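Okay, thanks everyone, I'll keep this brief. Have a look at the model while I talk.

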Amino acid sequence: METGVCPYCGSIIPKRALSCRMCKRLFVQLDVTETTDAQGKTRKVVAFPKEKITPRAQLDDENEDSTSDSTKISPLLLEPLKVHEIALFIESQPIPLIVAVAPLAILGRHGQHESNQPQVDLVPFGAFEKGVSRFHACLRREHSAFEIEDLASSNGTWLNDRRLMPSQPTALRAGDTIRLGQLKMQVMFIDAPSDSDQGKNASSEA
C-alpha cells in the first residue's frame with residue numbers, strides 16, 4: 001500500500017486517506033448539501049471525493065499480489081485496521097466507523113445529562129428511531145478473536161438474521177452482518193492468527 005506523510009503532524013498515512021488518524025485533520029474539502037426525506041426531515045449529506053475511495057474491482061486486483069491482510073478488509077477502508085479494531089459499515093454509509101475494542105466496546109446511544117455512556121454512540125446513524133437501546137450490545141476481544149453480546153436490549157441483537165440470546169457472547173467473523181433493533185451494519189476486522197497457528201509457524205521456522 002502506498003503511503004504518504006501528514007502535512008500537519010508528520011505521521012505516516014495511506015496515500016488515499018481523507019484524514020490523519022493521529023491529528024484528525026482532513027486533507028480534502030467535503031461538499032455538504034441538505035436533502036429532505038419523505039417525512040419532511042432535513043438531513044445533511046456529506047459527499048466524499050470519489051477519487052479517494054478505492055473501487056472494489058481495483059482493490060481485488062491489488063489484493064491478489066498483496067501479502068498484507070489489512071488491505072484485504074474492505075473496498076472502502078481508507079486506512080488499514082489494527083488487530084484490536086473493528087470497522088462498522090452502517091447501512092448506507094460509504095465510510096466505516098472504526099471502533100477500538102480493547103478489550104471491549106459498548107454499542108448504544110448517548111443520553112443527555114447521563115453520567116454513564118456507551119463507548120460507541122450510534123445516535124448519528126438513526127439509533128433512536130431504529131430502536132437501539134442506551135446500552136444495546138457489547139463487542140469484546142477474547143484470545144485474538146472478536147465476540148458480540150446482547151445486553152438485554154429492548155429490541156434485540158441479530159447476527160446474520162439470527163437473534164442472539166441476552167448475555168451470551170457469540171463469535172464474530174469478518175463480513176458478518178449484525179442488527180441492533182432495526183439498525184443494520186456489517187463488521188470487518190483482521191483475522192489475527194490463533195496461538196496454535198503461531199506455534200506451528202514458530203516450529204516450522206525452527
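I'll go through the strand pairing and then the salt bridges.

First thing to say: this is a predicted model. So let's begin with the sheet. There's an open sheet of six strands, and reading across you get β6-β5-β15-β14-β11-β12, with antiparallel pairing. Which strands sit at the edges? Those are β6, residues 97-100, and β12, residues 162-163, and each of them pairs on one side only.

Let me zoom in on the β12 end. Strand β11, residues 157-159, runs antiparallel to β12, and two bridges join them. If you want a residue to click on there, try W158, which stands opposite R163 in β12.

Okay, next up, β9 and β10. β10 covers residues 145-150, and six bridges hook it up to β9, again antiparallel. One pair to look at is L139, whose bridge partner in β10 is I148. The two strands make a hairpin with two residues between them, and H143 in that turn has a positive phi of about 55°.

β10 has another partner too: it pairs in the antiparallel sense with β13, residues 170-171, over two bridges. Over there, E147 stands opposite A171 in β13.

Right, salt bridges. How many do we count? Four. I'll show you some of them.

Start with E91 and K130, where the closest N and O atoms are 3.6 Å apart. This pair links distant parts of the chain: E91 is in the loop between β5 (85-90) and β6, K130 is in the loop between β8 (120-121) and β9 (135-142), and they're 39 residues apart. Are these two buried or exposed? Somewhere in between: E91 counts as partly exposed because its relative accessibility is 40%, and K130 is partly exposed as well, with a relative accessible area of 28%.

Now go back to the hairpin. E149 forms a salt bridge with R140, with the closest N and O atoms 2.9 Å apart. Here both residues, E149 and R140, are buried.

And then there's D176 with R173, where the closest N and O atoms are 3.9 Å apart. The cut-off for a salt bridge is within 4 Å, so that pair makes the list. What I like here is the split in accessibility. D176 has 6% relative accessibility, so it counts as buried, whereas R173, at 59%, counts as exposed.

That's my tour, happy to rotate the model if anyone wants another look.

Key: Residues are numbered from 1 along each chain as its sequence is written. This is a predicted model: local features need pLDDT of at least 70, side-chain atom pairs count only at pLDDT 80 or more; totals for chains, interfaces and linings use all residues. Side-chain values use heavy atoms; hydrogens and water are left out. Two strands pair if DSSP finds at least two bridges between them. Helices (H or I, at least four residues) and strands (E, at least two) are DSSP runs, numbered from the N terminus. A salt bridge is a side-chain nitrogen of Lys or Arg within 4 Å of a carboxyl oxygen of Asp or Glu. Buried means under 20% relative accessible area, exposed over 50%, partly exposed in between (1.4 Å probe, protein chains only).
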